[in-house]
Amino acid sequence: MPWRSTALLTVFVLAGSTFAAHAQPGRVPLDLAARLLLVAASVALLWRRRHPVPVVFGTALATLGYLAAGYPYGPVFVTVAVACFAAVVTGHRRAAWSALALLWAGHVLISLWLYRYLPPRGDRAATPAQEIVVATWVIAVAALCELVRLRREQWARDRADRARAARRRADEERLRIAQELHDVLAHSISVINVQAGMGLALLDQNPDQARAALTTIKAASKEALGEVRQVLDTLRAPGAAPRAPAPGLDRLPELAEQAATAGLTVEITGDPPPLPPGTDLAAFRIVQEALTNVVRHSRSRRARVALRAGPGELRLTIDDDGPASGADAGGSGNGLAGMRERAAALGGTIEAGPREDGGFRVRAVLPARTSVPPAHTEEAP
């Protein structure tokens, strides 16, 4: 309950009415009944948030009773204004307007007709100017309440829009992190899996080759841990200045060397054009995921990566000769979905599917000069 504001308002109404009584000697002096009416109209405001409709009508009736008794005009009208405001902002506009209309109609009835039968004795009818002042006051209170209601609704809409935008950014960030972790781990884990199988098969027959496989596993796992640490460091230090650029197509030779440790020979043709950082990262991740799928899902030990620059675009083609090693040729679907999402975020496209000769092809078209969002950068471990 709004105890503090109601107490302050009660003191203001009582004190203001006392001063007003000295300036209006022709009205009935304040007595106990007058002060009880003032206190009742003010104290009722304690419930203006929980029960706004009864409060707004209660304050209007208490004010009418105060005026009908001939007591002096004063800040008693403030209680009606506060109750009306509370009713409007809580969605009870019709009740607030009805209470104001009741107050105005009752005042007109008292000042133009019932004044003959009500105190103070010798009172005269109100002039048109006085009624215009009262009507203006009523209209001003209603307009102010409506203005506040509109502003509060606008603020509520703005808060809801900001909350939706924050949730959308959080969802986009979770998706980006999931894509980064998938791309980072899938390739390295695939290399580790192949080398582990090779090491187990050669452990007894050819210890030197088994030792080489274990060395490859160690290097691949170290690199994977480093890249995962980069992603996690970025999460731990939001807003920190990046210390290392994100990978791009200039690291394709390193990617080919990693694939070679898993028994996959990668042939790279073409030179990439100058690319925005975001496009460069997406292109690298698309090639990385495509080669990972070749290692995991194809019996082919050779893959071809072709880069071709067109007018304002980069075309990537990754081919393997197959055949597929199982029913899930081309990947489980998560990798391809991630590639499509990366391309779509930049305004590009991805086409992936089996070839007629039994192989598999991934073709990506990415914009090379369009405006793109700021690139994600990965921090060095």
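This note goes through the cysteines, the aromatic pairs and a nonpolar surface patch of a predicted model.

1. Disulfides. A search of the whole structure returns zero disulfides. The two cysteines to look at here are C84 and C145. The sulfur of C84 has its closest cysteine sulfur in C145, at 3.8 Å, which is too far for a bond. Seen from the other side, the closest cysteine sulfur to that of C145 is the one in C84. Since a disulfide requires the sulfur atoms to be within 2.5 Å, the 3.8 Å between C84 and C145 does not qualify.

2. Surroundings of the two cysteines. C84 is buried, with a relative accessible area of 1%. C145 is also counted as buried, at 2% relative accessibility. The cut-off for this label is under 20% relative accessible area.

3. Aromatic pairs: Y66 and Y71. Three aromatic pairs are found in a search of the whole structure. One of them joins Y66 and Y71, with ring centres 5.3 Å apart and planes at 35 degrees; the pair is therefore tilted. Edge-to-face would need an angle over 60 degrees, and stacked one under 30 degrees. Y66 and Y71 are both buried.

4. Aromatic pairs: F77 and W137. These two rings form an edge-to-face pair, with 5.2 Å from centre to centre and 65 degrees between the planes. The pair links distant parts of the chain, as F77 and W137 are 60 residues apart. F77 belongs to helix α4 (residues 76-89), while W137 belongs to helix α6 (residues 128-202).

5. Exposure of F77 and W137. The partners fall into separate accessibility classes: F77 counts as buried at 16% relative accessibility, whereas W137 is partly exposed, with a relative accessible area of 27%. F77 is buried because its value lies under the 20% limit; W137 is partly exposed because its value lies between 20% and 50%.

6. Aromatic cluster. The F77 and W137 rings also belong to one aromatic cluster, which Y73 joins.

7. Nonpolar surface patch. M1, W3, V43 and W47 make up a nonpolar patch on the surface. Together, these four residues have about 400 Å² of accessible area. Of the members, M1 is placed in the segment before α1 (3-23). M1 is partly exposed, at a relative accessible area of 37%. Patch residues must have over 30% relative accessible area, so M1 meets this condition.

Notes: Residues numbered from 1 in each chain as written. Predicted model: local features only at pLDDT ≥ 70, side-chain atom pairs only at ≥ 80, totals over all residues. Heavy atoms only, no water. Patch = residues over 30% accessible without salt bridge, like charges linked within 9 Å, V, L, I, M, F, W, Y side chains within 5 Å. Areas by Shrake-Rupley, 256 points an atom, 1.4 Å probe, with all protein chains shown as cover. Salt bridge = Lys/Arg side-chain N within 4 Å of Asp/Glu carboxyl O. Helix = DSSP H or I, 4+ residues; strand = E, 2+ residues; numbered from the N terminus. Buried < 20%, exposed > 50% of the residue type's maximum accessible area, 1.4 Å probe, protein only. Phe/Tyr/Trp six-rings, centres within 6.5 Å; stacked < 30°, edge-to-face > 60°.
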